[in-house]
Amino acid sequence: MSVPSVPQPVVSMGGLLPAVARAAQIVGRDDDVRALPEEVRALGRVPQARMWEFAAGRTCARRAMRALELPESAILVGAHREPVWPRGIVGSITHCPGYCAAAVALEQDLAAVGIDGEPHEGLPTGVLEAITDPAERAALEDLPSGPVCWDRVLFSAKESVYKAWFSLTRAWLDFTDVFVTVHPSDGSFQGHLLERVVDERAPAGFDGCFVVGAGLVLTAVTVACGPGRSPRAWETGDSRNDTALTV
Ligand SMILES: CC(C)(COP(=O)(O)OP(=O)(O)OC[C@H]1O[C@@H](n2cnc3c(N)ncnc32)[C@H](O)[C@@H]1OP(=O)(O)O)[C@@H](O)C(=O)NCCC(=O)NCCS
């Protein structure tokens, strides 16, 4: 199974994560992608392309877990499609055409991780209006004009926030329940939960970071253990957190 190739990778999910986390990513083709039999059973019958991306996500997850010296284990599928991590592990998976990644950490080091990868292109017509409020759109318009599709960065940031949020609360979050502010100067963003959805199991604000390159937008959110701690991941992570890179 294969996915279309993308140009030389210059972006790294691991670079968006704190040092306690590990990431693995596949850019383009990888012939060693596989899902374990119990994972395939949990997924059920799906088209081949879906099976490939599912297996690629599980493969990345196991490579990242190996980098934490954890044994190989199945990552099953939860009732809301979320990955079910082995006890003591937190993590997140993403895939888009030509790209797949997983990030993991020990539960004792991080409370939650959310990652997302997207093609670096403008959102389809109408999507930005559906996922933002007018103040968010106004703030986007103030960002530097140039090659970066800020609407896609914002969308991806919301997806990462959602994945981290869900793993803490197991609750739904609408795109307009979170106000995202993007900071191009240091590649960071903040997601602030609206009052109506604040939940004591999760922070009211999520810090994340992003990178744009090689036709991709990558975002990551991490939540520290304990109240009031928020690791500034982009200050501590580097590409050595990535354990696999295939072009
Ligand atoms: C679930 C969702 C976030 C997945 O995002 P996507 O862009 O379609 O796809 P990605 O490739 O980035 O991520 C898919 C992976 O996310 C993971 N995932 C799915 N549901 C999840 C959930 N509820 N919580 C955490 N992770 C989840 C899975 O590992 C999945 O891959 P897999 O099915 O192969 O295991 C998205 O489909 C969705 O439902 N979004 C609506 C909710 C939302 O984002 N709200 C924004 C609030 S600000």
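## Helix α2 and the residue that follows it

In this predicted model, helix α2 is followed by E69, a residue whose phi is positive, near 60°. The helix itself covers residues 48-67. Its 20 residues reach 28 Å from the first C-alpha to the last, which is close to the 28 Å expected at 1.5 Å a residue.

The positive phi of E69, about 60°, occurs although this residue is not a glycine. Most residues other than glycine have a negative phi. E69 is placed in the loop between α2 and β2, the strand of residues 76-77. Is E69 buried or exposed? E69 counts as exposed because it has 7 C-beta neighbours inside 10 Å, and the limit for an exposed residue is 12 or fewer.

## A second positive phi, at R170

R170 is likewise a residue other than glycine with a positive phi, here near 55°. Its position is in the loop between α5 and β7. R170 has 13 C-beta neighbours inside 10 Å and therefore counts as partly exposed.

## The protein as a whole

The protein contains six helices and ten strands. Of its 247 residues, 45% are buried. Among contacts between residues at least 6 apart in sequence, 68% join residues that are at least 24 apart.

## The sheet of three strands

One open sheet has three strands in the order β1-β5-β4, and the pairing is antiparallel. Strands β1 (22-27) and β4 (89-96) stand at the edges; each has a single partner strand, so one side of each is left without a neighbour in the sheet. Neighbouring strands of this sheet are turned against each other by 10° on average, direction ignored. Helix α2 packs on the sheet and touches β1, β4 and β5, and its direction makes about 35° with that of β5.

The pairing can be followed strand by strand. β4 and β5 (residues 99-106) are paired in the antiparallel sense over eight bridges, and C96 has Y99 in β5 as its bridge partner. On the other side of β5, six bridges join this strand to β1, again antiparallel. Here the bridge partner of A24 is A102 in β5.

How many of the six residues of β1 are buried? Six of the six are buried, so β1 is largely enclosed by the rest of the structure. In a regular strand the side chains alternate between the two faces of the sheet. In β1, R22, A24 and I26 point one way, while A23, Q25 and V27 point the other way, and all are buried.

## The sheet of five strands

Another open sheet consists of five strands in the order β6-β10-β9-β8-β7, with antiparallel pairing. Its edge strands are β6 and β7 (178-183), each of which pairs on one side only. From one strand to the next the twist averages 20°. Helix α5 (residues 150-169) packs on this sheet, where it touches β6, β7, β8 (188-193), β9 and β10. The direction of α5 makes about 150° with that of β6.

Strand β6 (residues 110-119) is mostly covered, since nine of its ten residues are buried. β6 pairs with β10 (residues 216-224) in the antiparallel sense over nine bridges, and V113 stands opposite T222 in β10. β10 is also joined to β9 (residues 205-213) by six bridges, and these two strands run antiparallel. The bridge partner of G213 is L216 in β10.

## The surroundings of the ligand

Which residues are the closest to the ligand? The ligand is surrounded by 21 residues, of which E82, I93, K158, Y162 and F166 are the closest. The elements that give two or more residues to this shell are α2, β4 and α5. α5 gives the most, with seven residues.

By residue type, the shell divides into nine nonpolar, five polar and seven charged residues. The two helices that pack on the sheets therefore come up again here: α2, which touches β1, β4 and β5, and α5, which touches β6, β7, β8, β9 and β10, are both among the elements that give two or more residues to the shell.

How values were computed: Residues numbered from 1 in each chain as written. Predicted model: local features only at pLDDT ≥ 70, side-chain atom pairs only at ≥ 80, totals over all residues. Helix = DSSP H or I, 4+ residues; strand = E, 2+ residues; numbered from the N terminus. Expected span 1.5 Å × (residues − 1). Buried ≥ 20, exposed ≤ 12 C-beta atoms within 10 Å, placed from the backbone. Pairing = 2+ DSSP bridges. Axes fitted to C-alpha atoms, helices over the stretch in contact; angles between N-to-C directions. Contact = placed C-beta atoms within 7 Å. Near = placed C-beta within 6 Å. Nonpolar A, V, L, I, M, F, W, Y, C, P; charged D, E, K, R; others polar.
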